[in-house]
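Please walk through this structure with attention to its pocket, its charged side chains and its backbone angles.

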Amino acid sequence: VYGVFELRKNGLAFYFRYKNEEYIIVSRYNQLSFLNNDNVLDFQFSSCNLKLHYKNIRSHKRFISRFLDFRNLHLN
């Protein structure tokens with residue numbers, strides 16, 4: 001299953017498609033935590049837990065950097 005993250009002013013949205021149905025998981029920044037280990041990014045939303053495997057380390061680091069900058073900008 002492939003998905004797309006969207007950084008929003010109030011939180012993070014994750015869109016994905018599974019068995020021809022579209023889903024979205026949304027969480028505020030203060031209810032979201034993540035752990036990065038061995039090509040697995042583990043996002044813990046308020047209602048669920050996502051384990052994501054990434055293939056390109058450079059784009060992954062760029063996403064984490066943008067995510068942290070965006071989150072810190074809107075939490076303050």
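In what follows, Ala, Val, Leu, Ile, Met, Phe, Trp, Tyr, Cys and Pro count as nonpolar, Asp, Glu, Lys and Arg as charged, and the others, Gly among them, as polar. The model is predicted.

With these classes, the lining of the largest pocket has 10 nonpolar, 5 polar and 2 charged residues. The volume of this pocket is about 600 Å³. Its lining is made up of 17 residues, and G3, F5, L52, H53 and Y54 are those that lie nearest the centre. Two or more lining residues are given by each of β1 (3-7), β2 (11-18), β6 (49-53) and α1 (57-75). The largest share is that of β6, with 4 residues.

The next subject is charge. D42 belongs to strand β5, residues 40-44. Although D42 is buried, it has no salt bridge. The nearest side chain of opposite charge is K51, 4.7 Å away. A salt bridge needs a side-chain nitrogen of Lys or Arg within 4 Å of a carboxyl oxygen of Asp or Glu, so at 4.7 Å the pair of D42 and K51 does not qualify. Apart from neighbours within four places in sequence, D42 is in contact with S33, F34, L35, N49, L50 and K51.

Elsewhere, a search of the whole structure finds 2 salt bridges. One joins R8 to E6, with the closest N and O atoms 2.8 Å apart. Both partners are partly exposed: R8 has a relative accessible area of 32%, and E6 is at 33% relative accessibility. In the salt bridge between E22 and R17, the closest N and O atoms are 3.4 Å apart. Here E22 counts as exposed, at 62% relative accessibility, whereas R17 counts as partly exposed, at 47%.

The backbone also deserves a look. Most residues other than glycine have a negative phi. K19 is not a glycine, yet its phi is positive, about 50 degrees. K19 is found in the loop between β2 and β3 (21-28), where K19 is exposed, with a relative accessible area of 66%. D38, also a residue other than glycine, has a positive phi near 50 degrees. The loop that holds D38 runs between β4 (33-37) and β5. D38 is exposed, its relative accessible area being 67%.

The strand that follows this loop, β5, is the one in which D42 lies. Two aspartates can thus be set side by side: D38 is exposed, while D42 is buried.

Terms used
Residues are numbered from 1 along each chain as its sequence is written. This is a predicted model: local features need pLDDT of at least 70, side-chain atom pairs count only at pLDDT 80 or more; totals for chains, interfaces and linings use all residues. Side-chain values use heavy atoms; hydrogens and water are left out. On a 1 Å grid over the protein atoms alone, a cavity is a set of points where a 1.4 Å probe fits but cannot get out, and a pocket is an open set with protein on both sides within 12 Å along at least five of seven lines; lining residues have an atom within 4 Å of a point. Grid points are joined across faces, edges and corners, and a volume is the space filled by probe spheres set on the points. Buried means under 20% relative accessible area, exposed over 50%, partly exposed in between (1.4 Å probe, protein chains only). Lys and Arg count as positive and Asp and Glu as negative; His and the chain ends are not counted. Contact means heavy atoms within 4.5 Å.
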